[in-house]
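Please find below some notes on the model, set out as numbered points. They begin with a single loop residue and then move on to the helices and their packing.

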Amino acid sequence: MFPYAKLRTLNGLESSVYTYINQHQAEVETMTIRELAEKAHVSTTTILRFANKMGYEGYSELKYALKRNRAALSEPTPLSDQDLSAPLAEFETVTTPEFSKLVDQAVAKLEQAPLVLLCGIGTGAALAEYGARFWSNTGTFSLALTDPDYPFPEQTAVLQNTVMVALSVSGESQPVIDMATRAQQAGVYVIALTDHADSTLAHLADLVITYYLPELTRGGLNLTTQIPIIYLLELVAHRLKQPR
């Protein structure tokens, strides 16, 4: 309920409010704004600024959102077979001729690359590590980049012809966007794998491959299937030419 992009706009005192709320959510639901101000050692004005930056009109709306969010997390809805079969019905989008052409474009770039960087955060990090090892098995040297603060070399010649594959379902993961932006500044060719063609990541990438699957969440957690990404990573691996 507190997006990463919005949290980055907080100053020191507002961050203190976030930290206290994050650690004492149940208690905050019953506190007045003055009580929270005293506990967090900030002014009521700071709390109101925090609420506004998080997209809430006031403290009351913030408390209501906290209560609703905690209830959703404590009573998750059981998964059913339909939850998986419904989004997989759209899986045919990754078997069209248009999709195949995009994959061929990506493969052509990857075959020329002395180094491939797959970057992702959260679930994307696990997929990046899987893809990096799988592609390396074909002879295409690949590494997973999962630390958004990992420095790029100042000498951009080191990264000549390097390709980055950025993984983000929403295309709005700020750490992934930051990594892709810094990579481009170093002359790296960026390929985006995302569910949203109109996302920030898609707009900045040199090549975009989308797979269009409906997002599935339970109890505030993302359970969107990653089968298309795994399929795509393995499809690319099988199209890469084996080294001579």
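1. In which loop does His-41 lie? His-41 lies in the loop between H4 and H5, where helices (DSSP runs of H or I, at least four residues) and strands (DSSP runs of E, at least two) are numbered from the N terminus. His-41 has a positive phi of about 60° although it is not a glycine, and this residue is exposed, with a relative accessible area of 69%. Throughout this note, buried means under 20% relative accessible area, exposed over 50%, and partly exposed in between, computed with a 1.4 Å probe on protein chains only.

2. On provenance, this is a predicted model, in which local features need pLDDT of at least 70 and side-chain atom pairs count only at pLDDT 80 or more, while totals for chains, interfaces and linings use all residues. Residues are numbered from 1 along each chain as its sequence is written, and side-chain values use heavy atoms, with hydrogens and water left out.

3. As to the overall make-up, the protein chain contains 12 helices and seven strands, and 41% of its 244 residues count as buried. Among contacts (heavy atoms within 4.5 Å) between residues at least 6 apart in sequence, 69% join residues at least 24 apart.

4. The helices on either side of the His-41 loop are H4 (residues 33–40) and H5 (residues 44–53). The axes of H4 and H5 come within 9 Å and cross at roughly 100°, the axes being lines fitted to C-alpha atoms, for helices over the stretch in contact, with angles that run from 0 to 180 degrees between N-to-C directions. H4 and H5 are therefore roughly perpendicular to each other, a class that covers 65 to 115 degrees, whereas angles under 35 degrees count as roughly parallel, over 145 as roughly antiparallel and the rest as oblique. Ile-33, Arg-34, Leu-36 and Ala-37 of H4 make the contact with Thr-44, Ile-47 and Leu-48 of H5. These residues divide into five nonpolar, one polar and one charged, where Ala, Val, Leu, Ile, Met, Phe, Trp, Tyr, Cys and Pro count as nonpolar, Asp, Glu, Lys and Arg as charged, and the others, Gly among them, as polar.

5. Helix H2 (residues 12–23) packs with H4 at an angle of about 100°, with their axes 10 Å apart, and H2 and H4 are therefore roughly perpendicular to each other. In this pairing, Ser-16, Tyr-20 and Ile-21 in H2 meet Leu-36, Lys-39 and Ala-40 in H4, and the residues divide into four nonpolar, one polar and one charged. Ser-15, also placed in helix H2, counts as partly exposed at 27% relative accessibility; its C-alpha atom is separated by 10.0 Å from that of Ala-40, 25 residues apart along the chain.

6. H2 also packs with H5, at an angle of about 80° and with their axes 9 Å apart, and H2 and H5 are therefore roughly perpendicular to each other. The contact involves Leu-13, Glu-14, Val-17, Tyr-18 and Ile-21 of H2, together with Thr-46, Ile-47, Arg-49, Phe-50 and Lys-53 of H5. By class, the residues of this contact are six nonpolar, one polar and three charged.

7. Helix H9 (residues 123–136) has 14 residues and reaches 20 Å from its first C-alpha to its last, close to the 20 Å expected at 1.5 Å a residue, the expected span being 1.5 Å times one less than the number of residues. In H9, Gly-124, Ala-125, Leu-127, Ala-128, Gly-131, Ala-132 and Trp-135 are buried. They cover an arc of only 160° around the axis, which puts them on the same side of H9, the arc being that of the directions from the helix axis to the C-beta atoms. What covers these buried residues includes helix H8 (97–112), strand E1 (116–119) and helix H12 (227–239).

8. H12 has 13 residues, and its buried residues are Pro-228, Ile-229, Leu-232, Leu-233, Leu-235, Val-236 and Ala-237. They pack against H8, E1, H9, strand E4 (189–194) and strand E5 (207–210).

9. The loop between E2 and E3 holds Asn-161, which has a positive phi of about 70° although it is not a glycine. Glu-154 is placed in the loop between E2 and E3 and is exposed, with a relative accessible area of 77%. The C-alpha atoms of Glu-154 and Ala-186, 32 residues apart along the chain, are separated by 7.9 Å.
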